[in-house]
Structure formats: structure tokens, C-alpha cells
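Here is a short briefing for a first look at this model. Take it topic by topic, with the structure open beside the text.

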Amino acid sequence: MLDGPEELIQRALELGFDDAGIVKLGPEHDWSEELHRFLSLGRHGSMEWLATRATERSNPRHLWPDARSALMVAANYASDHDVFDDISKTEEGYLSVYARRKDYHDVLKKKLRQLAREYADQGHQVKLFVDTAPLMEKPLAMGAGLGWQGKHTNLVSRKFGSWLFLGALLTDATLEPTPPETDHCGSCKACMDICPTKAIPAPYELDAVRCLAYLSIEYKGVIAPEFRGPMGNRIYGCDDCLAICPWNKFAVTSHGERGELRGLHLRDLARLDDPGFRSLFAGTPIKRTGRDAFVRNVLIAIANAGLLEAWPEVEALCDDDNGVVRAHAVACLKVLDPSKARAKFALMTTGEQDVRVLEEINR
Ligand code: B12
Ligand code: SF4
Ligand code: SF4
């Protein structure tokens, strides 16, 4: 029987979640002010989906008026490899820790579905959410006692440090809540100081349009020159603010990391066509960003590494079907060898129509 809150939490842990807690949904769970401030400052950039259902997102009871409680679950994804060591290997592409494994949407949803089925069998109404629904999971997880929102805005746990995925199961049942967590950042601001693009303008606020996770994953256009250098070799997501957090001393290495997704050479990645990209990243969240945005990131990393040996691959990408890829291939050639690049552009300009590419040639 899963009637009581203890049984529900216990069952979540049995199903393989690393932590779980309950939050009773009340009037205090309304983040309209914070969300509207974020949106009105344009901090969501091209993530229009954050704005379109802002009313539902700002308050779980707007998303589902019958919801009375939320079971918040967390899954640990800590790696035993050092992030800063990996980003110092400039000729290798850095894929963020969360992405070097099976897509967490699939993993968490499968377990939550099982739990939802069992709970629904007791006569309760349930709805489950992992990431993509208009639900603010981090403040809810804080309310359920799983951790607190650190100054980088992600949830930090005293048991697992920075490395937790979150999921939610909303129900119409009124359940006894677990005690909420409080803020343990104190005077620390290590995450704000280390951010390569200064994307954390104030504690607990993220300017997503400056964040390398946004630029490398969500944003599909030409990346502005001011962010290219700071990207270094981070070709999918960024972990600097998570990795520097002192609370990671409590992190516990997780299972399921795909070792072959570390140490990939940039030159090999620049050769990926669509089928090659899909097969390399099958099952991971990386596949969702698409080959073109990914290769764009690889080109930035090649320029940052000054990887002249990759000239043939980069030159070939000047003829890619995708204009953003061509624009970044041009920008990359200019960094690798400016005079050789000029000779190449002289041949290109006659056929090139895309203003983004022409802009990079003339920059
Ligand atoms: C949009 C999104 C992004 C965007 C924007 C991130 C952001 N901080 O908003 C981008 C693409 C940048 C992103 C990046 C990452 N993401 Co993301 N993302 C989301 C998503 C889908 C929605 C988040 C959201 O609602 N943002 C809107 C803002 C307004 O919300 P907020 O940050 O919670 O805002 C709070 C505070 O900032 C504060 N606040 C806001 N303004 C102000 C002003 C003042 C004065 C004060 C005091 C407070 C304050 O109040 C708000 C409510 O508490 C969630 C999943 C979900 N459904 O919740 C995953 C999620 C947050 N992402 C996740 C992950 C893992 C990442 C990355 C680590 C991935 C990576 N390695 O590249 C990075 C981390 C970057 C970072 N420092 O946040 C996990 C985080 C898990 C955790 N432990 O917290 C989530 C929960 C997905 C999941 N289901 O596991 N992400
Ligand atoms: S993920 Fe990277 S770019 Fe984004 S806030 Fe953290 S350190 Fe800055
Ligand atoms: S690095 Fe420091 S300020 Fe940032 S989340 Fe961790 S404890 Fe908080």
C-alpha cells in the first residue's frame, strides 16, 4: 500500500531514485514575480516556450488546479572525472556531465510512470513531469527538502552536491510534507566568480542568454564573437558553476556514464554528418540539439584550440548545407590562418548568398 507519504517516498527510493520528498502545494508556491522579471529582462532568449505558458509555469496549481501535493524525486548523475581537468584538454570536445549518459527524460519518466501507476491504483489522481512541462521543478524540490537553489540557480544537495536530475509527481491527495531545505550558500560566491561568460549577474539570478548551456544547446544561430573564446572546448552544455561548488565534497559517483563520450577529438567531431551524429549520440540528450548546432560548437572549439591540423575538415564545412555551420567554418579558418583564409574566401564570395556567412567573411 502506498497510502502514506513515507510509503510513497520509500517506494520512490526502491525504484532507484536517490532522493525524494513531499511538498504540499499552497499559495506560497507562486513564482510569478521572479518568472516575469526573468522574462521581461529577455533572459530566456530564444526559449519562447518559457514565456508561452508562463501562467501555468509560475504556479503548479495553475497547471493543474486539483493538485494538492507534489512528490519531488532526484537522480544522482555525479561523474568520477574532474570537470576542470577535462576542459583543460583543449583538443578534445567537452560534453557536460549530464549529457554523457542515457537521456534523463527517458530514465526518470520510466521510473515515475511505474510509481504513478501504483499510486493511481490506490484511487489517487496523478500527473508526472520531467523537465519539459511548464513546472518550476527547482523551487518545488527545495520545498520538498531535496536541496536549495544555489546562487547559480540550480538545486544543491547536502547529500549529492550539484549533480541531481529532478522530476515531479503531482497528486490531488493531501500528503504530510517533508521539511523544506534552507539556503546553505552563506558568503560563498564561487559559482558566480568562475562563470566564463558572467551569466550570473546577481545571486540566484541567471541571464540565460549569456549562459554557455543555453548558447551551446538551445540557441541555434550564429554565436556572437564575445562568447566564442569563453566557450573553450565546451561543445555541449557547461558545468563550471556546478563543479566549483564546495558542497560537491559530498557527491557520490553515479552509474551509467558512457565512457566513450569523454576524450572525443575535435577533428573527428568536425567530420560528423547527420547519420554519424545520430548514431554517436543515440539515446543521449545530445541528439536533440541536432547535428548543425553541434558542429557549430565544434568549430568554435577548434578555433579556440588553434587546431591547424583540422584545416581540411573546417575548409570542407565552408561548403556545408547549413548557413550557421558555414559562417562558423569561415570564422574558424580566420583564426587558424588569416592569410590562407583570405585566399579561400576570394573563391567563396562569388557563390555565397547567406548574409551570416558574408558577415563573418567581412568581420
Ligand atoms: C530553462 C532551463 C534551462 C535554461 C535556463 C536555466 C535557468 N536557470 O533558468 C538553460 C538552457 C540555461 C539551462 C541550463 C542548465 N540546466 Co536547465 N532547465 C531549464 C528548465 C526547463 C526550466 C527552468 C526555469 O524554469 N527557468 C526560469 C527561471 C526564472 O527559473 P529559476 O532559475 O528556477 O528561478 C528561480 C531563481 O532564479 C529565483 N529568482 C529568479 N529571479 C530572481 C530575482 C531575485 C532578486 C531573487 C532573490 C531570486 C530570483 O526565483 C526563481 C524561483 O525560485 C528546468 C526544468 C524545469 N521544468 O524546471 C531545467 C533544469 C533546471 N536544468 C537542469 C540542468 C541540469 C541544467 C544544466 C546544469 C545543464 C548543463 N550542464 O549544461 C544547466 C545549468 C545552468 C545554470 N546555471 O542554471 C536541471 C537542474 C537540476 C538541479 N539540480 O537543479 C533541471 C531542473 C532539469 C531537470 N529536470 O533535472 N536550463
Ligand atoms: S553553466 Fe557555465 S556559462 Fe552557464 S552559468 Fe554556469 S558557469 Fe556560467
Ligand atoms: S558555489 Fe557557493 S554560492 Fe554557488 S551554489 Fe555552491 S555554495 Fe552556493
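Which residues does Pro-196 touch, not counting residues up to four places away in sequence? They are Leu-212, Pro-230 and Asp-240. Keep in mind throughout that this is a predicted model. The points below begin with Pro-196, then move to domains, ligands, helix pairs and two further residues.

**Pro-196**

- Pro-196 sits in the loop between helix 9 (190-194) and helix 10.
- Around Pro-196, 18 other C-beta atoms lie within 10 Å. A residue is buried at 20 or more and exposed at 12 or fewer, so Pro-196 is classed as partly exposed.
- Leu-135 is 61 residues from Pro-196 along the chain. The C-alpha atoms of the two are separated by 28 Å.

**Domains**

- The domain assignment gives domain 1 (5-79 + 102-171) and domain 2 (208-362).
- Taken over C-alpha atoms, the centres of domain 1 and domain 2 are separated by 31 Å.
- The two domains touch: 23 residues of domain 1 are in contact with 20 residues of domain 2.
- On the side of domain 1 that touches domain 2, 7 residues are nonpolar, 11 are polar and 5 are charged.

**Ligand 1**

- There are 38 residues around ligand 1. Glu-34, Glu-137, Leu-155, Ala-213 and Gly-237 come nearest.
- Several elements each supply at least two residues of this shell. They are helix 2 (32-40), helix 8 (137-143), strand 7 (164-171), helix 10 (212-218) and helix 12 (240-243).
- Domain 1 and domain 2 each give at least three residues to the shell around ligand 1.
- By class, the shell around ligand 1 holds 24 nonpolar, 6 polar and 8 charged residues.

**Ligand 2**

- Ligand 2 is surrounded by 13 residues. The closest are Cys-195, Cys-211, Cys-238, Asp-240 and Cys-241.
- At least two residues of the shell around ligand 2 come from helix 10, and at least two from helix 12.
- The shell around ligand 2 has 10 nonpolar, 2 polar and 1 charged residues.
- Asp-240 links two topics here: it is among the closest residues to ligand 2, and Asp-240 is also touched by Pro-196.

**Ligand 3**

- Around ligand 3 there are 13 residues. Gly-150, Cys-185, Cys-188, Cys-191 and Cys-245 come nearest.
- Where does ligand 3 lie relative to domain 1 and domain 2? Both domains give residues to the shell around ligand 3, so ligand 3 lies between them.
- The shell around ligand 3 divides into 9 nonpolar, 2 polar and 2 charged residues.

**Helix 17 and its partners**

- Helix 15 (residues 291-305) packs with helix 17 at an angle of about 5 degrees. Their axes are 9 Å apart.
- Angles under 35 degrees count as roughly parallel, so helix 15 is roughly parallel to helix 17.
- From helix 15, the contact uses Asp-292, Val-295, Arg-296, Leu-299, Ile-300, Ile-302 and Ala-303. From helix 17, it uses Val-324, Val-325, His-328, Ala-329, Ala-331, Cys-332, Val-335 and Leu-336.
- The contact of helix 15 with helix 17 has 12 nonpolar, 1 polar and 2 charged residues.
- The axes of helix 17 (residues 323-336) and helix 18 (residues 338-348) come within 6 Å. They cross at roughly 140 degrees.
- Helix 17 and helix 18 are therefore oblique to each other.
- Val-330, Leu-333 and Lys-334 of helix 17 make this contact with Pro-338, Ala-341, Lys-344 and Phe-345 of helix 18.
- Those contact residues are 5 nonpolar, no polar and 2 charged.

**Ser-40 and Ala-75**

- Is Ser-40, in helix 2, buried or exposed? Ser-40 is exposed, with 10 other C-beta atoms within 10 Å.
- Tyr-204 is 164 residues from Ser-40 along the chain, and their C-alpha atoms are separated by 17 Å.
- Ala-75 belongs to strand 2 (residues 69-76). Ala-75 is buried, with 21 other C-beta atoms within 10 Å.
- Not counting residues up to four places away in sequence, Ala-75 touches Phe-17, Asp-18, Tyr-104, Val-107, Leu-108, Leu-164 and Phe-165.
- Ala-75 and Leu-264 are 189 residues apart along the chain. Their C-alpha atoms are separated by 26 Å.

Note on methods: Residues are numbered from 1 along each chain as its sequence is written. Chains are lettered from A and ligands numbered from 1 in the order in which they are written. This is a predicted model: local features need pLDDT of at least 70, side-chain atom pairs count only at pLDDT 80 or more; totals for chains, interfaces and linings use all residues. A residue is near a molecule or strand if its C-beta atom, placed from the backbone, lies within 6 Å of it. Helices (H or I, at least four residues) and strands (E, at least two) are DSSP runs, numbered from the N terminus. Ala, Val, Leu, Ile, Met, Phe, Trp, Tyr, Cys and Pro count as nonpolar, Asp, Glu, Lys and Arg as charged, and the others, Gly among them, as polar. Domain bounds come from an automatic or database domain assignment. Axes are lines fitted to C-alpha atoms, for helices over the stretch in contact, and angles run from 0 to 180 degrees between N-to-C directions. Angles under 35 degrees count as roughly parallel, over 145 as roughly antiparallel, 65 to 115 as roughly perpendicular and the rest as oblique. Two residues are in contact if their C-beta atoms, placed from the backbone, lie within 7 Å.
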